[in-house]
Amino acid sequence: MVHDGGKTHQMITDKHDLPHLIFLCSAAVTGLIVILMFGFIFWTAIPVFCLEGPGFILNSVWDYSTDQYGIFLYIVGTLIVTVATLIIAIPLGIMTTIYLAEFAPPSLEKILRPLIELLVGIPSIIYGLFGFLFLRYVFRDTIDPVIGNWLGFIPIFRNLDPSGGINILLAAVILTIMVLPTIVALSQDAMKAVPKEYREGSLALGATRWETVTRVVIPAAWSGIVTSIVLAMMRAMGETMAVVMVAGNSAQSIPPTLLSPVYPMTAKMLNDVGTWAAVPMPRSALFGIAAVLFVIEILFVAVVRLVSNYARRSVR
Amino acid sequence: MITIRNRVFKERVAVAFCSLGAIFAVGMLFLIIGNIFLGAIPSLSLHFILTDESKNGLGQGIANAIIGTILFSLLSTILATPLAIGTAIYLKRYARENKLTHFIQFMIEVLSGTPSIVVGMFGLLVLVIYLQKFTGGFSLIAGVICLAILITPVIERSIESAIETVNPELEEGSYALGATKWQTIHMVTIPTVMSGVLTSLILGFGRAAEESSVLVLTAGYSQWLSRVGIDNNNKFFFGFQLHPLNDPTASLPYAVYNAYENTNIIPMSNAYAIAFILIIFVLLVNITGKAILSRSVNSGKSGSSADSLFGKLNLAIGRVIGNLKITTRAAPRPLAHYTGSDISDLLEEPDRLSHQTGTSWINSIKIAFSPSKNQASMDSKIKKTIPGFFASITSPGKKPEPSPTEAVSLREKFSRLFSRKKKTGVDNTTDQHPETVIPSATLSSINEILAEKPKPSLKTKLTAILPRLKKKPAPEVTGDKKAASPGPRLPKGALRTFLRAFIPFAIPAALLLLAAFLAGIPPLHNALGPASTSLAGLFASAFSLVITVAGLIFALIFAKKRGAFKGNERRKGFVGVAAGFCIVCIAALILSSAATGFFNTGDAPAPRASGDRSAQLAAMLASGELGDGSTPQPTAAITPSLTPTTAPAPAAQGSASSVPLKNALSVREMYTYGDATRVVRATVYNTEVLPFYFWWFIDYNRFVQETPAPGNTYLIVFLRLENTGQKSAVVPSADQFILYNNGNSYTHKDYINMSAFSQYQIDFYAVNQNKIPYQWIREIGQTKRDYAFITGYNPFDQGFATLNSTTDTATTDTGTNTSSSGLYPGYFIKPGSSNAIDGYLIYEVPDSVAKDLRDTYLNVGFNSFSSTRWVLG
């Protein structure tokens, strides 16, 4: 018998009954909302694309009084913060996952996992406030000087503004805490889905548990892990509130070090849209940022789908 | 060489590192919550939670934000639910593999990955600006719609995964019995995934509650509690305004954002306290959702659901609900207690619980199982329906348990039947679960049922109902310690039990109210020495908390001694206890706000006009309750009118005739005053008539609408002052601009109220004029500043009087005057066109004046220089 959730039955019965229509409508409405929303965003952004052309992405001057809109520095800001986040979050997340999935005693795992999942539920503005009111001072007084002293010979670790505290590193740490549960939960599910026989086979060949994990389980679960990382990346890129509060919001130049402030795209939008939404060209420019962010996001969604499709095919 | 020791050592090191990762994650959770809790302690009080900001000022109370957050989450969940459920069912049950389906799935994935700021910007432009006539600008409804867009994919995907766990055999059984697809979905699929749907909704609710950037852009902020009502308002397309949907509404995340934006106004501990309340709110919602989820997942396991953290929580929740629940439905009884007629009755019951119509086919499924399964399927059916949901949680906590083996077997049976998760492999065959095989003995009954009409006949319905009717008045078995069944009771006994439980609570409640009353009358009112408002609030909440807890404990013990929890009437006893709890809590709330009256905090309560918001604002401003706890500056006394809705002041009638009208300049004509080194050009260059305007009230972080008295309108006069000399020149103060029309004179209206500013703000804006809070008359634009604000009421220093009387004091240099007692940036204009003052003055004039400006003159006295006037028409 084929268990397809009753889809076979559909062939037999009337395809166009009322419930079917209603459900189809609601699905279509959901799709339409998305299309409308993004159609609208692109439509609003068209004037600035016409005005600036590719310079919109490549120029780094953003000035309302001269009608110059180049978002290069903001894109760079978003990218730097995201990459820094991932550099911290991926090892940490995978280490946590490995511990929870493979080594932690079941009783401990049952306590730890829900606790880590609770981190998802903490509102992003709380992370921002936590960073702004507490972690900022920890960084300014302790972590930044230490990094500046020990690693200062490497250009990107210079501590140029000792009185700051609000910088890329802080934003990256806050974002790491935010995306960690995403990585852990999804990768752990992926690792748990690896058939037991794989592990047993590896152990039977004399491998230690660690070797089993690194050479068998993780390669077998890679698609799930990659998906989780991409989703975490999307969350880090799209995050607004926390980033506004801890990134420093200053875009004079490309940030010279990890300990200097930065201005991500989302922060720029939030800070400026309230004031400039009524003026046509600045509004268009701000929606241009949204459009760029959205295109990046669609690319990532496509990547996730490709990865999962590839994984499904390779399993078959 | 790699030895086994090496490898084991390597593993240990690696595991130690990995556990560090887990410790980091969990440590961060505790660090965040702990840090925020510790920071919040000084401000956390009942008073803080239950007061709204209109009373205490920005960030000094959060009742408005709590109500707003609940409204936002609830309404957006309600809005998103039909879409999400419909889409999920379509994708999982109707959609075939085609391009449209893939497209919709892709769109949902895109939507769930969309940064919330993008949705917020969309909402800002479309809902707040373009559809302003419908939504009212920044409003609850705009926020709700955006949040619904945001949480629809969350709910939808969660429901999808819940539907995936439905056992296909269940649906196939339904199809096999001739049910249509809709009947199957309606009667089997949806009830089965009910707890999953509930979880999804709760998670969506939590997601909506935590969202901040969307609300910052669409919802606005209001210091008032939301109110319900309809007002006429011509701004709206339909001519009326719905409260609270069309009002700007506060929310907890926005309150936190306010705290971040206005660190100079809001104390840090208040920021932490708001954040802490938000965290608790969201975590509670999420934990509830997960507990329900783990319930539905774990119920499949035979032992108990207590083997995970959430399982334990959920058991605890079940117990709590079980204790508080007041039900009129019979509790499930052990199998042994059922007789034959009961079973036929019970067969009807689940359907009575869930659906009122179309019950025959689902009965047929139940009968299709062996007789011993009737009970099982019935139980599971109850379990899967919402009302039954509570019944099944409570059943373990209920006293009359069947023998343990029986209970376990029942649980096992229905859980295997209904809650078994879909196997991943293909070897999912029925012979693993022999109990689902239909025994031959019941095949005949299936045939009978299949032979029947699909809809139940009147007769079958009657036979199902009749035994129940007969059964109702049947007396309880007295020996059975089971919970009393809900039959009609003699009111007297019930009332007595109720009162027996209730009266012990009434006593502490009365005491609390008495204390609250005492706090308001002279001997005790303001008896305790001068204290800050926050200290008084802290005392009030602590005081009422202690008395309340003591009272509750006393009442509980007393009620128990009086036997409120014994005998058949215990249910009524529980009702009494619950009601008592409620009134004690209400009394505690009253006391917690009234007990501040014990203290002499030095500020009088604001007289609050009800209904009219501008009157409320006026009263609030007049009472001098400032957001930061500071007292109004003495300079505030200079302001001639405090209320925003001042009637035009009919002043100096005679002065109009004393000035020769012939010399009046017309609009756009320039007047020059000053001496050789200070040549100032003054130009009135435009006028505008507005029916109302807004200004941004920094302390409350929202727009305040100013409306003129009936029959009046606002006349706005734009003027520019430019110093072409070499030295700073004195600028006329705003009260030297007087409007004349037919012998009536009008002084300009103070555009924003200086008393609203704290000393800190005054100092700050004195040197940072460019950062003067965003004052906005929407219809005009953003580049002009209020002239009165710059020159008018001497907001920045007290040296006004001396300056006004002399023309030219210490300003011999070209810089900002920092000579004597402070800064006077508002009173001097520096040379150079970039320093020109480009502003406007607002006058409230009768409509007739505004219609025809040909007889209207603006007279300006330039201190000691000769005055002039412009004719505005």
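**Buried positions, aromatic groups and a mixed sheet in a two-chain model**

At a relative accessibility of 0%, I71(A) counts as buried in this predicted model. The residue belongs to the loop of chain A that runs between β2 (68-69) and α4 (72-103). Although I71(A) and V61(A) are separated by 10 residues in sequence, their C-alpha atoms lie 7.4 Å apart in space. When neighbours within four places in sequence are left aside, the contacts of I71(A) are with F56(A), I57(A), N59(A), W62(A), I289(A) and V292(A).

One of these contacts, W62(A), is also part of an aromatic cluster in chain A, which is formed by W62(A), Y64(A), Y69(A), Y74(A) and Y263(A). Over all chains, the structure holds 27 aromatic pairs. In the pair of W62(A) and Y64(A), the ring centres are 5.7 Å apart and the planes meet at 85°, so the arrangement is edge-to-face. W62(A) has a relative accessible area of 13% and is therefore buried, and Y64(A), at 16% relative accessibility, likewise counts as buried.

Rings are also found beneath charged groups in both chains. In chain A, R136(A) is placed over the face of F132(A), at 4.5 Å from the ring centre, while in chain B the face of Y94(B) is overlain by K181(B), at 5.2 Å from the ring centre.

A further buried position in chain A is that of D144(A), a residue of helix α6 (residues 124-151). D144(A) is buried but has no salt bridge, and the nearest side chain of opposite charge, that of R140(A), is 7.9 Å away. Not counting residues up to four places away in sequence, D144(A) touches F139(A), N159(A), G165(A), N167(A), L169(A) and L259(A).

Chain B contains 31 helices and 18 strands, and buried residues account for 52% of its 873 residues. Of the contacts in chain B between residues at least 6 apart in sequence, 77% join residues that are at least 24 apart.

Five strands of chain B make up an open sheet of mixed pairing, in the order β5-β18-β17-β12-β13. The edges are taken by β5 and β13 (744-747) of chain B, each of which has a single partner strand, so that one side of each is left without a neighbour in the sheet. At one edge, strand β5 (residues 665-666) of chain B pairs with β18(B) in the parallel sense over two bridges, and S666(B) stands opposite V871(B) of β18(B).

On strand β18 (residues 868-871) of chain B, T868(B) and W870(B) point one way and R869(B) and V871(B) the other way, and all are buried. This agrees with the general pattern that in a regular strand the side chains alternate between the two faces of the sheet. Strand β17 (residues 856-860) of chain B pairs with β18(B) in the antiparallel sense over four bridges. Within this pairing, T868(B) of β18(B) is the bridge partner of V860(B), and R869(B) of β18(B) stands opposite N859(B).

Continuing through the sheet, β12(B) and β17(B) pair in the antiparallel sense over five bridges, with Y740(B) opposite Y857(B) of β17(B). Strand β12 (residues 737-741) of chain B is mostly covered, in that four of its five residues are buried. The strands β12(B) and β13(B) run antiparallel and are joined by four bridges, among which L739(B) has Y746(B) of β13(B) as its bridge partner. These two strands, β12(B) and β13(B), form a hairpin with two residues between them, and N742(B) in the turn has a positive phi of about 50°.

A separate pairing in chain B involves strand β1 (residues 229-232) and β2(B), which pair in the antiparallel sense over four bridges, with H243(B) of β2(B) as the bridge partner of G229(B). Strand β2 (residues 240-243) of chain B has a covered face, formed by Q241(B) and H243(B), and an uncovered one, formed by F240(B) and L242(B), whereas in β18(B) the residues pointing either way are all buried.

Methods:
Residues numbered from 1 in each chain as written. Chains lettered and ligands numbered in written order. Predicted model: local features only at pLDDT ≥ 70, side-chain atom pairs only at ≥ 80, totals over all residues. Heavy atoms only, no water. Buried < 20%, exposed > 50% of the residue type's maximum accessible area, 1.4 Å probe, protein only. Lys, Arg positive; Asp, Glu negative; His and termini not counted. Salt bridge = Lys/Arg side-chain N within 4 Å of Asp/Glu carboxyl O. Contact = heavy atoms within 4.5 Å. Pairing = 2+ DSSP bridges. Phe/Tyr/Trp six-rings, centres within 6.5 Å; stacked < 30°, edge-to-face > 60°. Lys NZ or Arg CZ within 6 Å of the ring centre and 35° of its normal.
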